[in-house]
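Trainee: I would like to learn how to read the pockets of a protein model. Could we work through one together?

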Amino acid sequence: MTTLIKGGLLLSATGESLAEVLLDGERIVAVLEPGSDLAGAAERGADRVIDASAKYVLPGGVDCHTHLEMPMGDLMTADTFESGTRAAAWGGTTTVIDFATQMAGEHVRESLDARLAEADGQCAIDYAFHMVLGGVNDQSLGEMDKLVDEGITSFKLFMAYPGRLLSDDRQILLAMQQAAGNGAMIMMHAENGIAIDLLAEQAIARGETDPVNHGYVRRAELEAEATHRAIQLARVGAAPLYIVHLSSSHALEQVAWAQNNGANVFAETCPQYLYLNLEDHLGAPGFGGAAYVCSTPLRSKHEHHHADLWQGLRLNQLSVVSTDHCPFCMNEGKDLGVGDFRNIPNGLGGIEHRMDLLYQGVVAGEITLARWVELCSTTPARMFGLYPRKGAIVPGADADVVIYDPAASSTISAETHHMDLDHSAYEGFELQGGVSTVISRGSVVVDNGTWSGTAGHGGYLRRGLSSYLR
Ligand code: DUC
Ligand code: ZN
Ligand code: ZN
């Protein structure tokens, strides 16, 4: 089956053109300049023609940081592989990279195999995994090399959560040395968890139990300190480093400093750190702020975090926008932390709205159309070894295509979103622009408000090494 997408403005990470796109089955087979003989011939011969006039045509989004169907204590994140990938597709994301987690004492291989089995046959769009190493030891270090050969080419470590996931500096350096040898990317949750836990204990002892205290104790200085330490350890270990969910000006300054000094250091931020803040959201009256508890936390509106992060996106100090989609319902989820903010499960849901929320940055003049595509699709694909199969509209790539209508508008609401979540962190946000058609490996999954995707269409992706290795 061949499909011609014509009439739209084709966007890429480097610019825009009026070219047409020809799909054959699951692949893109040609990008045709307007008016060429070939374009006409393609239209006459195509089985299906999609008219994208007055719309943008762009590569499907790649969300490289999600937590679907993830256990946390006795809870599970609210979206399953099925509901989460469906919601992602509704918002123009056609690939997710989620996590498999090895807890201390567990075997990496067994943790990964269990995770692969959970996702198998469930996803509506293509998916891959990073591996969390919660227990760096001789065995897990040895497994790293094998996993890289099998397409798991990035490993997340934690400098937070002592006694659960935290790796100490020795373990971090060991993993980085291993990555230097096998080409893997080290992803870091950079917060000084030992200092944070002390501040949290002291806050509770003073009776400061509300959700907003989550933001007060997870201080930006402690994100910056851990970011700096991770950078220096990566330089010593000679491994590439990717800082996840960067939220503060303070940590951004460390990343910029490292990059200016030639270090192979990258960072992502997430929409919540560009649009939400500590006082209005985490500090919402009553227990309402619990909806906004995530780590790293939302930052104060009285500082310059939002403006600095937007600038970081323009300057490529921040090279990716992911969601860190980690949804917990208020009911039988976040409410575990009534009376003690430390027990509120950490995480925000946003997998559906990443492309739309970042597009508001285009509307506001913060970023260009090309940068929007680069941040949401092309760079995450390159960063994590999926390019050019994902992240670009080029011959040979998977036919993951989004047709986006800049004239559409909508208002985000839990009443209408497709995530399996009883609230929305972005309730009432007015959006300009919106997805009209989404194609996942040649199959139309969303078209003008109608869902035609299926669980199980999404396939598992083995990844190569990062394109950004030096
Ligand atoms: N880190 C994440 O990446 N997601 C959820 C919670 C956390 O600490
Ligand atoms: Zn994290
Ligand atoms: Zn996360």
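Mentor: Let us begin with a pocket between domains, bearing in mind that this is a predicted model. The lining of the second largest pocket takes residues from both domain 1 (2-59 + 393-406 + 430-451) and domain 2 (61-383), so this pocket lies between the two.

Trainee: How is such empty space found, and what volume does the second largest pocket have?

Mentor: In general, rolling a probe the size of a water molecule over the atoms shows where empty space is left. Here the second largest pocket has a volume of about 370 Å³.

Trainee: Which residues lie nearest the centre of the second largest pocket, and which strands each supply at least two residues of its lining?

Mentor: Of the 21 residues that line it, Glu 352, His 353, Asp 356, Ser 410 and His 418 lie nearest the centre, while β18 (401-411) and β19 (430-440) each supply at least two residues of the lining. By class, this lining divides into 13 polar, six nonpolar and two charged residues.

Trainee: How much space lies in the largest pocket?

Mentor: The largest pocket holds about 1100 Å³ of space, and among its 44 lining residues the closest to the centre are Met 70, Pro 71, Met 72, Arg 164 and Leu 165.

Trainee: Which element gives the most to the lining of the largest pocket, and how many of the lining residues are nonpolar, polar or charged?

Mentor: Helix α3 gives the most, with four residues, and the elements that each supply at least two also include β11 (93-102) and α6 (193-205). The lining of the largest pocket has 22 nonpolar, twelve polar and ten charged residues.

How values were computed: Residues numbered from 1 in each chain as written. Chains lettered and ligands numbered in written order. Predicted model: local features only at pLDDT ≥ 70, side-chain atom pairs only at ≥ 80, totals over all residues. Heavy atoms only, no water. 1 Å grid on protein atoms, 1.4 Å probe; cavity = no way out; pocket = protein on both sides within 12 Å on 5 of 7 lines; lining within 4 Å. Points joined across faces, edges and corners; volume = space filled by probe spheres on them. Nonpolar A, V, L, I, M, F, W, Y, C, P; charged D, E, K, R; others polar. Domains from an automatic or database assignment.
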